[in-house]
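Reader: I've got a new model on my screen and would like to talk it through. Could you take my questions one at a time?

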Amino acid sequence: DRCPMKVGTDGVLLGAWAEVRPGDRRMLDVGTGTGLIALMLAQRSAARITAVDVDAECATQAAENFAASPWADRLDAVAVAVQRYDPVERFDLIVSNPPYIASAEVEKLMPEVRDHEPRMALDGTEDGLHFYRRIIEEAGRHLVSSGMLFFEIGYDQGQAVSELMRTEGYREVQVVQDYAGLDRVVFGTYVTVQPAPFVKSR
């Protein structure tokens, strides 16, 4: 197992809770790790799914997992940062489970987590929101109008990530809680603002 991003309940929840609409043709998994979420989306849809990760070892492992799955012909893994990714077509759905623990909180984690998980898989920088900001800013370039963006989040990040999404023009932003009443997923719809038609004055 070469990938720092291990399989966990976070990924399983996002893969199960992300909305898959009948007309969705293309999906993007940002920070795919081992490819778990992309595999779950492939199982639940007929879409073509691209999985990107800045870590080349993760992208390689995801590609191996895809090749061994029944959906290999619809799954692609690419080693690239999302801000450098330049696909030909836009996506109907983007999902991401980025590192979201604030740097100071990483040191307070249980030793079995802190000492055995790579720092890059945990650390969301100073306030835990760094990767959400970057992905939200970039996702609009990659989504069709009315495309959806889904995030896995920390238990106390629902309001902050929702506000970031609304600021970037996402509509119908909602927070989903788990059975313990904790924030777990945030999602919203990206709406492209069309310019008003030019009317020649008389």
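Reader: Among contacts in the protein chain between residues at least 6 apart in sequence, what share joins residues at least 24 apart?

Author: A word on the ground rules: this is a predicted model, where local features need pLDDT of at least 70, side-chain atom pairs count only at pLDDT 80 or more, and totals for chains, interfaces and linings use all residues. Residues are numbered from 1 along each chain as its sequence is written, and side-chain values use heavy atoms, with hydrogens and water left out. Contact here means heavy atoms within 4.5 Å. Taking contacts between residues at least 6 apart in sequence, the share that joins residues at least 24 apart is 67%.

Reader: In what order do the helices and strands run?

Author: Helices (H or I, at least four residues) and strands (E, at least two) are DSSP runs, numbered from the N terminus. The protein chain has seven of each. Starting at the N terminus, the order is α-β-α-β-α-β-β-α-α-α-β-α-β-β.

Reader: How much of the protein chain counts as buried?

Author: Buried means under 20% relative accessible area, exposed means over 50%, and partly exposed is in between (1.4 Å probe, protein chains only). The protein chain has 202 residues, and the buried share is 48%.

Reader: Which residues are linked in a network of salt bridges?

Author: Let's say what counts: a salt bridge is a side-chain nitrogen of Lys or Arg within 4 Å of a carboxyl oxygen of Asp or Glu. The structure holds six of them. R184 pairs with E152 at 3.3 Å, N to O, and R184 also pairs with D178, with the closest N and O atoms 3.1 Å apart. So the network is made of E152, D178 and R184.

Reader: How far apart in sequence are the parts that R184 and E152 tie together?

Author: Both ends of this salt bridge are buried, R184 at 15% relative accessible area and E152 at 0%. R184 sits in strand β7 (residues 183-190) and E152 in strand β5 (residues 143-152), so the parts they tie together are separated in sequence by 32 residues.

Reader: And the pair R21 and D24: is D24 buried or exposed?

Author: The side chains of R21 and D24 form a salt bridge at 3.2 Å, N to O. R21 is partly exposed, with 24% relative accessible area. For D24 the relative accessible area is 8%, so D24 is buried.

Reader: What is the phi of S146, which is not a glycine?

Author: Most residues other than glycine have a negative phi. S146 lies in strand β5 and is partly exposed at 37% relative accessibility. Its phi is positive, at about 75 degrees.

Reader: Where does E172 lie?

Author: E172 has a positive phi too, about 50 degrees, and isn't a glycine. With a relative accessible area of 60%, E172 is exposed. Its place is strand β6 (residues 170-177).

Reader: How are α6 and α7 oriented to each other, roughly parallel or roughly antiparallel?

Author: Axes are lines fitted to C-alpha atoms, for helices over the stretch in contact, and angles run from 0 to 180 degrees between N-to-C directions. Angles under 35 degrees count as roughly parallel, over 145 as roughly antiparallel, 65 to 115 as roughly perpendicular and the rest as oblique. Helix α6 (residues 130-142) and helix α7 (residues 158-167) pack at about 25 degrees, with axes 10 Å apart. They are therefore roughly parallel.

Reader: Which residues of α7 does α6 meet?

Author: On the α6 side, the residues are Y132, R133 and I136. Their partners in α7 are V161, L164 and M165.
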